[in-house]
Amino acid sequence: MKTSYIRDFKHNYLVIHDDRVISEDYEIKMLTKNRIEGLLCSEERMVNGEGFLYYDITSKHVFKNVFSEEIIGFDLIKSLFLSLIRLCEEMEKYLLYDDGLILDPEYIYYDIETKEFYFLYYKDEMSGKPGPLFEFLTEHIDNNDFPAVESVYQMLDMSKRSFYATDEILRWFKEEYSDEKEVTKENENDITFTVPDKRSEGIPDMRMYDEWENGIESEKEERSRTKKEKRGLFSRIREFFSKKENENKDDDLFEEYCEEQGIYGYDNEEADNNTVFIPWVENSEHKLYGLGKGNKTHIDLGSLPVTVGKMRGAADIILNDESVSRLHAKLLRTGSRFFMLDLNSTNGSFKNGVRLMPNEKVLIEPGDEIGFGKLKFIYR
């Protein structure tokens with residue numbers, strides 16, 4: 001499935017090329033001629049004799065982009081799957097079924113204000129396969145939230161059976177976690193979670209959860225150790241120089257280190273005369289400074305990722321400007337490189353005057369002019 005993003009004057013679209021638009025395909029006609037609550041609204045368009053499906057994603061955010069840095073608890077999981085259950089029940093009225101849903105966090109959309117989910121319906125090799133969604137949830141789940149862990153791993157196990165149907169998983173979730181059996185923090189200690197008999201229901205046993213509980217602490221320790229090891233290039237070079245001065249490290253070791261890090265200009269024979277090149281990005285302030293009259297905002301990039309927007313409680317950095325979306329963009333760091341990700345903003349994110357496509361991710365470097373709507377910043 002090849003997708004792209006397009007903006008027009010007032011809307012953002014996810015676009016899929018599909019020549020079935022030219023034919024009288026039943027499913028496409030049902031999608032484009034009806035408004036089905038919970039599905040992205042779609043329309044057919046012909047461009048230069050080719051057919052395209054345009055899905056309206058205006059004011060909606062990619063689930064993966066919003067929650068990739070979050071710890072996901074049971075409340076969100078319950079909201080997600082009950083929304084999916086309601087959607088499937090509604091789709092049946094139009095003879096559309098769950099095997100046409102793209103259950104991938106990159107194609108599930110979320111409205112941060114209404115807290116509603118929207119799904120993409122498109123028949124493809126990816127459709128009807130919840131694996132990518134379960135993988136994402138298991139990576140970001142709150143390990144201290146037992147209902148969240150139990151529900152996700154149970155559904156994951158069910159999806160790995162030789163023969164399974166997504167509607168079976170959804171029926172199980174509805175039976176276990178519908179509003180009639182709502183689990184809250186106040187009563188979760190009084191509820192005993194039981195696993196249906198696998199002989200009658202075909203569900204694998206859940207002995208893995210004994211191992212899960214014992215492994216929580218070790219996983220936390222591993223995460224803490226990994227976090228401490230993630231340091232910038234400049235910090236590691238400075239540490240190396242300090243050790244070299246105090247312990248008189250061998251020059252060959254330093255040369256090998258520089259080669260691994262992609263630092264050029266070091267000559268082992270003339271070490272005292274040459275200057276080692278350190279990328280400017282490692283020696284910058286890592287801040288976005290507001291430009292223009294009235295924009296006194298400074299955004300510190302020392303602790304990433306952060307989200308930028310105007311909705312309090314949703315964005316980390318609040319920009320009170322009418323041109324800024326509720327959740328406008330995300331600033332990220334990978335190693336020594338910094339990135340900006342547009343979060344399907346209405347008025348766009350900009351790098352050096354060039355407007356990003358919805359959900360586009362770009363590298364930013366010192367000296368770049370960054371824009372969020374009408375607000376401009378300089379990266380130093």
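**Exercise 1.** State how pLDDT behaves over residues 227-234 and how many contacts the model has for them beyond four places in sequence.

*Solution.* Over residues 227-234 of this predicted model, pLDDT (the predictor's confidence in each residue, from 0 to 100) stays under 50. The model has 12 contacts (heavy atoms within 4.5 Å) for this stretch beyond four places in sequence. Residues 182-188 also stay under 50, with nine such contacts. For the chain, the average is 80, and 72% of the residues score at least 70.

Residues are numbered from 1 along each chain as its sequence is written, and side-chain values use heavy atoms, leaving out hydrogens and water. Local features need pLDDT of at least 70 and side-chain atom pairs count only at pLDDT 80 or more, while totals for chains, interfaces and linings use all residues.

**Exercise 2.** Describe how α5 and α6 pack.

*Solution.* Take the helices as DSSP runs (H or I, at least four residues; strands are E, at least two; both numbered from the N terminus). Helix α5 (residues 146-159) and helix α6 (residues 166-177) have axes 10 Å apart, at an angle of about 155 degrees. Axes are lines fitted to C-alpha atoms, for helices over the stretch in contact, and angles run from 0 to 180 degrees between N-to-C directions. The angle therefore makes α5 roughly antiparallel to α6 (over 145 degrees; under 35 is roughly parallel, 65 to 115 roughly perpendicular, the rest oblique).

**Exercise 3.** Give the strand order of the open sheet of three strands.

*Solution.* The order is β5-β6-β7, with antiparallel pairing (pairing needs at least two DSSP bridges). β5 (61-62) and β7 (116-118) each have a single partner strand, so one side of each lacks a neighbour in the sheet. Val62 stands opposite Tyr109 in β6.
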